[in-house]
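The exercises below are meant to be worked with the sequence and the coordinates side by side. Each one sets a task and then goes through a solution in steps.

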Amino acid sequence: MPQQPSSRDAFASTLGAFAATVGSAVGLGNIWKFPFLTGSNGGAAFVLTYLLAVALVGVPVMAVEHAIGRRMRLNAVQAYARVVPRQPFWSLIGWGGLLAAVLIMAFYTDVAGWVFAYVLKSALAAAGGSPLTPDTFGRLASGTFEPLFWQVVVLVVTTGIIAAGVSKGIEKVTKTLMPLLFALLLVCDVRALTLPGASAGVSYLFRPDLTKITGTVLLSALGLAFFKLSLGMGTMTTYGSYIPDETKLAPNAIRVALADTLVSILAGLAIFPAVFAFGGQPAGGPGLLFNTIPLVFSKMPGGSLFTVVFFVLAAIATIGAMVSLIEVPVAFLVERGHLSRPAAAVATGLAMFALGTLATLSQSPVLEGVKPFGKSFFDLFDFLSSNVLLPVGGLAIAVVGGWLMKRAEFLGELDKGYAAEPWYDRAIYASIRYLAPGLILLILLNSLGVIRLA
């Protein structure tokens, strides 16, 4: 078994590993995508289906990625090249994850830049400046200089954290930001829940109508659980390689999934009671974050302040996710390319800015008419990563963990620190061997348009 080199940085504690992994899982998917998909798929029925998807697919695949990462103590590319003896073909999982991380960052830094911009815009509006309107977002997204500026800000922040190291950068920052994120969400929740008529939003989120659970809802929930937990893109494998031996992997994966789901629920409690209290539309679609939320919050007493708080917490959510994405190529460049961590961080940041510029300007006059394969660069990067690379990578990871890696090796990594094999480790192994591959295959076929469930 590969041993961690003494010079290799790692998380200093189990708490640090948990905070960093939660930081990777928590992102705009919680604050933005979970609420709008919940609103578009029947409210509580989608939430219930999502919880099942997390349990059946999310936790098992995360546990496998952590087990492989910690066992090999290598970056994602080299870990998958060596985890199956004499079959380096599986290094393609790591290469695919690295490519997915780069493509996701290419468009994610664009969206994160919008969020950072809205922190300033909402603060100026609260101070008496121009109010936030749908036109505000339209001008930002279709601009040229402004979105590029904010994308640079995002990359400077994240590459700076990465350059500081695993324990002194990633772990230290996420241990600070994650509690702050929860605190700000609770502030927004308390305000939203005290609004007249807020109970309708709570019922919408927690009282499921089982007749609304359809094939479409199931596939949406499976896809969101997979994407939101940062699976199939090398981040959980890379972070797994930094996890201390004393950390119990299955409980850590379960805690991360629960914390991530809690953030999503808290975000829903901050949004839906306010939306219902002021007659908004819960199925606001992707514009829910930048159009509906500022409009709804503006109608409540003190709403301008809570709009600022909301976008601050959204910005915090983006940082942990972006740091984990950048860490995938950085770890590879440090260990395979023998670059220093600061040099690898800067090189990765510059490459992502060069590629991300295509996504950022895809709605501007500069590139709005350029449609490779009929899609804007933003949509193309999103499609290739979310619809192709992530589910293919996840399916391959499930095959490696459930069928190619020796059962004793896999469970031995999960069982470290236990006198006897816990029942949930056996359940995770059964799921990754039999259930998860089939469900991930459904995600892939649906993403590619091969199947459509009513």
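A salt bridge is taken here as a side-chain nitrogen of Lys or Arg within 4 Å of a carboxyl oxygen of Asp or Glu. The model is a predicted one.

**Exercise 1. Decide whether the side chains of K121 and E146 meet in a salt bridge, and state which helices the pair ties together.**

Step 1. The N to O distance between the side chains of K121 and E146 is 2.9 Å, and the cut-off is 4 Å, so the pair counts as a salt bridge.
Step 2. K121 lies in helix α5 (residues 91-126) and E146 in helix α7 (residues 145-163), so the salt bridge ties together parts that are 25 residues apart in sequence.
Step 3. With a relative accessible area of 28%, E146 is partly exposed.

**Exercise 2. Find the helices that hold R71 and E409, and classify both residues as buried, partly exposed or exposed.**

Step 1. The side chains of R71 and E409 meet in a salt bridge, at 3.8 Å from N to O.
Step 2. Because R71 belongs to helix α3 and E409 to helix α17 (residues 407-414), this pair ties together parts that are 338 residues apart in sequence.
Step 3. The relative accessible area of R71 is 17%, and buried means under 20%, so R71 is buried; E409, at 25%, is partly exposed.
Step 4. Both residues belong to a network of salt bridges that links R70, R71, R73, D245, E409, E413 and K416.

**Exercise 3. Describe the salt bridge between D260 and K228, and then the surroundings of N252 in helix α12.**

Step 1. The side chains of D260 and K228 meet at 2.5 Å, N to O, and the pair links distant parts of the chain, with D260 in helix α12 and K228 in helix α10 (residues 215-228), 32 residues apart.
Step 2. D260 and K228 are both buried.
Step 3. N252 also lies in helix α12, which covers residues 249-277, and it is buried, with a relative accessible area of 0%.
Step 4. Leaving aside residues up to four places away in sequence, N252 touches F18, T21, H66, I243 and T247.

**Exercise 4. Contrast the largest nonpolar core with the nonpolar patch on the surface.**

Step 1. The largest nonpolar core has 153 residues, of which F11, I31, I68, L181, F310 and F410 touch the most other members. The largest share of this core, 19 residues, comes from helix α14 (residues 303-335).
Step 2. I68, one of these residues, touches A79, Y80, V83, V400 and M405 when residues up to four places away in sequence are not counted.
Step 3. On the surface, L48, L52, L56, L210, I213 and L435 form a nonpolar patch with about 500 Å² of accessible area together, and the largest share of this patch, three residues, comes from helix α3 (residues 44-72).
Step 4. L52 lies in helix α3 and is exposed, with a relative accessible area of 52%.

**Exercise 5. Judge how compact the protein is for its length.**

Step 1. The secondary structure comes to 18 helices and zero strands. The radius of gyration is 21 Å, close to the 22 Å that the globule rule gives for 454 residues, so the protein is as compact as a globular protein of that length.
Step 2. The C-alpha trace spans about 60 × 50 × 45 Å along its principal axes, and 59% of the 454 residues count as buried.

Technical notes
Residues are numbered from 1 along each chain as its sequence is written. This is a predicted model: local features need pLDDT of at least 70, side-chain atom pairs count only at pLDDT 80 or more; totals for chains, interfaces and linings use all residues. Side-chain values use heavy atoms; hydrogens and water are left out. Patches are made of residues with over 30% relative accessible area and no salt bridge: like charges are joined within 9 Å, nonpolar side chains (Val, Leu, Ile, Met, Phe, Trp, Tyr) within 5 Å. Accessible areas come from the Shrake-Rupley method with a 1.4 Å probe; for residues, only the protein chains shown count as cover. Helices (H or I, at least four residues) and strands (E, at least two) are DSSP runs, numbered from the N terminus. Buried means under 20% relative accessible area, exposed over 50%, partly exposed in between (1.4 Å probe, protein chains only). A nonpolar core is a set of buried Ala, Val, Leu, Ile, Met, Phe, Trp, Tyr and Cys residues joined through side-chain atoms within 4.5 Å. Contact means heavy atoms within 4.5 Å. The radius of gyration is taken over C-alpha atoms; the globule rule is 2.2 Å times the number of residues to the power 0.38.
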